[in-house]
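I opened a fresh page for this one and kept my notes short. Below is what I looked up, roughly in the order I got to it.

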Amino acid sequence: MEPFNPSDLWNRCLYEASKHLEATEFDAWLKNSSYEDINGTRLVIRFRNSFVAGHVKSRFGSMLEDIIRDISGMNELALQFIGDPAKPGPSSSERLFTSSTLSSSDSTFLRSNYTFDHFIVGPNNQLAHAGALAVSRDIDSTIYNPLFIYGGVGLGKTHLIQAIAHHLRQKDQKRTFSYLSTELLVETFIKGVIQNDYTKFRRLFQGIDYLLLDDIQFLKGKVETQEAFFHRFNELHQHGKQIVLTSDRPPHELQDLPERLISRFQWGLVADIKPPEYETRLAILQLLVKDEELEVSHDVLDYIASSIRKNVRQLSGVIHRLAAMSRLTKCKIDMNLAQKEISSSLGTITRRLTPGNIASVVAESFDVSPSQLKGKQRKRSVLVPRQVAMSLIRELTSLSLKDIGSFFSGRDHSTVLNSIDRIEELKQKEPDLDRKIEEIRRKLISI
Ligand code: ADP
Ligand code: MG
């Protein structure tokens, strides 16, 4: 079986999504969609018309992207929803659904297994988990307001924030919440601007005891949404409403956000999630295997836990693919199969970290062109990015100094070595540069 056949991948994504949605809802929105094309790392999915495509994007977009990343184990996969312009308007069933699900359609969808029960606690995520539990249980606690959870991709931020939502949804709870992706927040605000009607935007915050906002880093560059959000934040906070935010980086690294917003993010508890240790990875694997009702020997789990270290999503990707393979081919999941799967999934990661890819990400971050990066200019604005690219290529690929030199238009290995030393020195002296390099590294590792 070809693990990344995009059409299969979409069908499996639909199958997973169907487990989280009501059948009627699934049929109305998702059932008749199909994979159309791949555009870079974006799967293009076609819907009946653009109305359906737009609705699916705002309502289920982030859930579907999470699912597709989980089953493929590839963090960079994204989805694009297309459809021809809707002709006379939405069909009656579409109308029915937008009006009857009006209040919940303002929320991003929850994954049914992203609960506290399904979250393995380890030293890497202990504080974030404790904070999440505390705010779920005790609304009066101001020391955790806001709760700001940050960490790299695929480490469980969405899982934890949704676990809070699930907890609040239980029958005996009298508390209301909004769970939103920041993308939905931005989109709703922009629609408000265009239509000069902010009712929907306001409704996102109305009458809620909890605001759960996922992936706050997407506020970057959205100046007007930031402003509007700032006011909502203050209002909620003043009224003792609990706010929970997640981000891929700590507050002080959200450089494009205004200082006053960043300082508010630090008012309560800031908790990070790091990549899990071996024992936690093993416990997560055991949970996944149990969920999938698979039989996998300890040796194989040990092998997977030792091979995949940085990202929980990749762990679940491997288990999902092994499960699919063993079901399709009716073969046992043994060491042989696991080794093949791991080398193919790690292979896709290392294949993507080529000198060319690294150079182009560096070039983009420093606003120079890839050809300037490889060229001869020695002014600082080009020289430093070139040296950064060399040092990241050295770190992230297995290329020799000589090969790296040839990639940069035939420079020799000592130039490369000097560049790497120079960057190490600069990083000590210039914290801004250090942060920037860290940001680029993070971006590269998540591709
Ligand atoms: P993020 O939002 O940080 O990118 P997610 O919350 O989407 O990451 O997590 C990626 C996958 O890993 C999800 O399938 C999630 O259920 C799983 N996961 C992450 N951390 C844990 C954990 N501690 N226990 C169980 N599953 C986890
Ligand atoms: Mg997430």
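**Entry 1: ground rules.** Before counting helices I noted what counts as one: helices here are DSSP runs of at least four residues, numbered from the N terminus. I also wrote at the top of the page that this is a predicted model.

**Entry 2: the shell around the ligand.** With that in hand I went to ligand 1 and asked which helices supply at least two residues each to the shell around it. I found two names to write down: helix 6 (157-169) and helix 13 (312-329). Helix 6 gives the largest share of that shell, with three residues. In total I have 17 residues surrounding ligand 1. The closest of them are I120, G154, T158, H159 and R313. Sorted by class, the shell has seven nonpolar, seven polar and three charged residues.

**Entry 3: polar contacts with the ligand.** Next I looked at which side chains bring an N or O atom up to ligand 1. For T158, such an atom is 2.8 Å from an oxygen atom of the ligand. Y114 also faces an oxygen atom of ligand 1, with a polar side-chain atom 3.4 Å away from it. For N125 the partner is a nitrogen atom of the ligand, and I noted 3.4 Å there. Then I checked how much of the ligand the protein covers: 93% of the 560 Å² of accessible area that ligand 1 has on its own.

**Entry 4: aromatic pairs.** How many aromatic pairs are there? My count for ring pairs with centres within 6.5 Å comes to 11. I picked W29 and F51 to look at. Their ring centres are 6.2 Å apart with 45 degrees between the planes, and the pair is tilted. This pair joins distant parts of the chain: W29 belongs to helix 2 (residues 23-29) and F51 to helix 3 (residues 50-72), 22 residues apart. Are the two partners buried or exposed? W29 counts as buried because its relative accessibility is 2%, under the 20% cut-off. F51 has 27% relative accessibility, so I put it down as partly exposed.

My other pick was F407 with F408. The centres of these rings are 5.1 Å apart and the planes meet at 85 degrees, so I filed the pair as edge-to-face; the cut-off for that label is over 60 degrees. F408 has a relative accessible area of 0%, so it is buried.

I also marked one aromatic cluster, formed by F148, F229, F233, F265 and W267.

**Entry 5: charges over rings.** F407 came up again here. The charged end of K374 sits over its ring, 4.2 Å from the ring centre. I logged a similar arrangement for K436, whose charged end sits over the ring of F366, 4.3 Å from the centre.

**Entry 6: backbone oddities.** Where is the cis peptide bond I marked? I found it running from N145 to P146, with omega near 0 degrees. P146 lies in the loop between helix 5 (126-137) and strand 4 (147-151).

Then I looked at positive phi values outside glycine. E293 has phi near 55 degrees. I placed E293 in the loop between helix 11 (278-291) and helix 12 (298-307). With 72% relative accessibility, E293 counts as exposed. K330 is another entry of this kind, with a positive phi of about 55 degrees. K330 sits in the loop between helix 13 and helix 14 (335-352). Why do I call K330 exposed? Its relative accessibility is 73%, and exposed means over 50%.

**Entry 7: two long spans.** Back in helix 2, I stopped at A28. A28 has a relative accessible area of 10%, so it is buried. From its C-alpha atom to that of V135 I read 36 Å, with the two positions 107 residues apart along the chain.

Last stop was D421, in helix 19 (residues 413-429). At 43% relative accessibility D421 counts as partly exposed. Its C-alpha atom is 46 Å from that of V289, and the two residues are 132 apart along the chain.

Methods
Residues numbered from 1 in each chain as written. Chains lettered and ligands numbered in written order. Predicted model: local features only at pLDDT ≥ 70, side-chain atom pairs only at ≥ 80, totals over all residues. Heavy atoms only, no water. Phe/Tyr/Trp six-rings, centres within 6.5 Å; stacked < 30°, edge-to-face > 60°. Buried < 20%, exposed > 50% of the residue type's maximum accessible area, 1.4 Å probe, protein only. Lys NZ or Arg CZ within 6 Å of the ring centre and 35° of its normal. Near = heavy atom within 4 Å. Polar contact = N/O pair within 3.5 Å; in protein donor to acceptor, adjacent residues only side chain to side chain. Areas by Shrake-Rupley, 256 points an atom, 1.4 Å probe, with all protein chains shown as cover. Nonpolar A, V, L, I, M, F, W, Y, C, P; charged D, E, K, R; others polar.
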